[in-house]
Amino acid sequence: MLKVPIIWVLGGPGSGKGTQCDKIVQKYGFVHLSTGDLLRAEVASGSPKGKDLALIMKEGRLVSNDDETLVNRIMGRAAASTEKRADDNEQTVKARILTFRSNTNAILSQYTDRTLTLNAERTVDEIFCDITCALDCLLQKKNLEASDR
């Protein structure tokens, strides 16, 4: 029996997580659960929890920041997108980046032996090549473990 691992793709706002996850789904047939999509769906539902989330997201609390390159990249992508989001403004983007960094670093420090860090400042295909190598190796290891049982 194939034992499929749970894979957590992390990256800052606008780093290309969705693009890479789409490619992973296409190649491996995995299910992609996007936290952002799930949260936005809850907001769109109009539920009490969705209303609370809308405020949190608007303030940028879900995800001194001087990373103007990343802010500019995100704002450029937002301006070019057909999907307009309430959290696509400079102040919120800066808050999202700061929140992402503080929360993610605390989590990643607990799993250093289980993480792979990739340089995302390359082409989509170059990044996906590294992802494919890592996933192929991981799946092979999981299949060997399952066959040893």
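Is Cys-129 buried, partly exposed or exposed, and what is its relative accessible area? In this predicted model, Cys-129 comes out as partly exposed, with a relative accessible area of 45%. Cys-21 offers a useful companion case: this residue is buried, at a relative accessible area of 10%.

The cysteines lead naturally to the matter of disulfides. A search covering the whole structure returns 0 of them, and the sulfur positions help to show why. For Cys-129, the closest cysteine sulfur belongs to Cys-133 and lies 4.6 Å away, which is too far for a bond, given that a disulfide calls for sulfur atoms within 2.5 Å. For Cys-21, the closest cysteine sulfur is that of Cys-129, at 17 Å, again too far for a bond.

Attention turns next to the packing of helices. Helix α1, spanning residues 17–28, packs with helix α6, spanning residues 124–147, at an angle of about 50 degrees, and their axes are 10 Å apart. The arrangement of α1 relative to α6 is therefore oblique, since an angle counts as roughly parallel under 35 degrees and as roughly perpendicular from 65 to 115. The two helices cross in a right-handed sense. On the α1 side, the contact is made by Thr-19, Gln-20, Lys-23, Ile-24, Lys-27 and Tyr-28. On the α6 side, the contributing residues include Val-124, Ile-127, Phe-128, Ile-131, Leu-135 and Leu-139, along with Asp-125, Thr-132 and Asp-136.

One of these α6 residues, Ile-131, also features in a pairing with a loop residue. Leu-116 sits in the loop between α5 and α6, and its C-alpha is 9.2 Å from that of Ile-131, with their positions 15 residues apart in sequence. What of the surroundings of Leu-116: buried or exposed? With a relative accessibility of 55%, Leu-116 counts as exposed, because the threshold for that class is anything over 50%.

Helix α3 rounds out the picture with a clear division between its sides. Within this helix, which covers residues 48–58, the buried positions are Gly-50, Leu-53 and Met-57. Viewed down the α3 axis, these buried residues fall within an arc of 60 degrees, so they line one face of the helix. Their packing partners are α2 (35–45) and α5 (90–108). The other side of α3 carries the exposed residues Pro-48, Lys-51, Asp-52 and Lys-58.

Terms used:
Residues are numbered from 1 along each chain as its sequence is written. This is a predicted model: local features need pLDDT of at least 70, side-chain atom pairs count only at pLDDT 80 or more; totals for chains, interfaces and linings use all residues. Side-chain values use heavy atoms; hydrogens and water are left out. Buried means under 20% relative accessible area, exposed over 50%, partly exposed in between (1.4 Å probe, protein chains only). Helices (H or I, at least four residues) and strands (E, at least two) are DSSP runs, numbered from the N terminus. The arc is that of the directions from the helix axis to the C-beta atoms. Contact means heavy atoms within 4.5 Å. Axes are lines fitted to C-alpha atoms, for helices over the stretch in contact, and angles run from 0 to 180 degrees between N-to-C directions. Angles under 35 degrees count as roughly parallel, over 145 as roughly antiparallel, 65 to 115 as roughly perpendicular and the rest as oblique. A crossing is left-handed if the near helix is turned anticlockwise from the far one by less than a right angle, and right-handed if clockwise.
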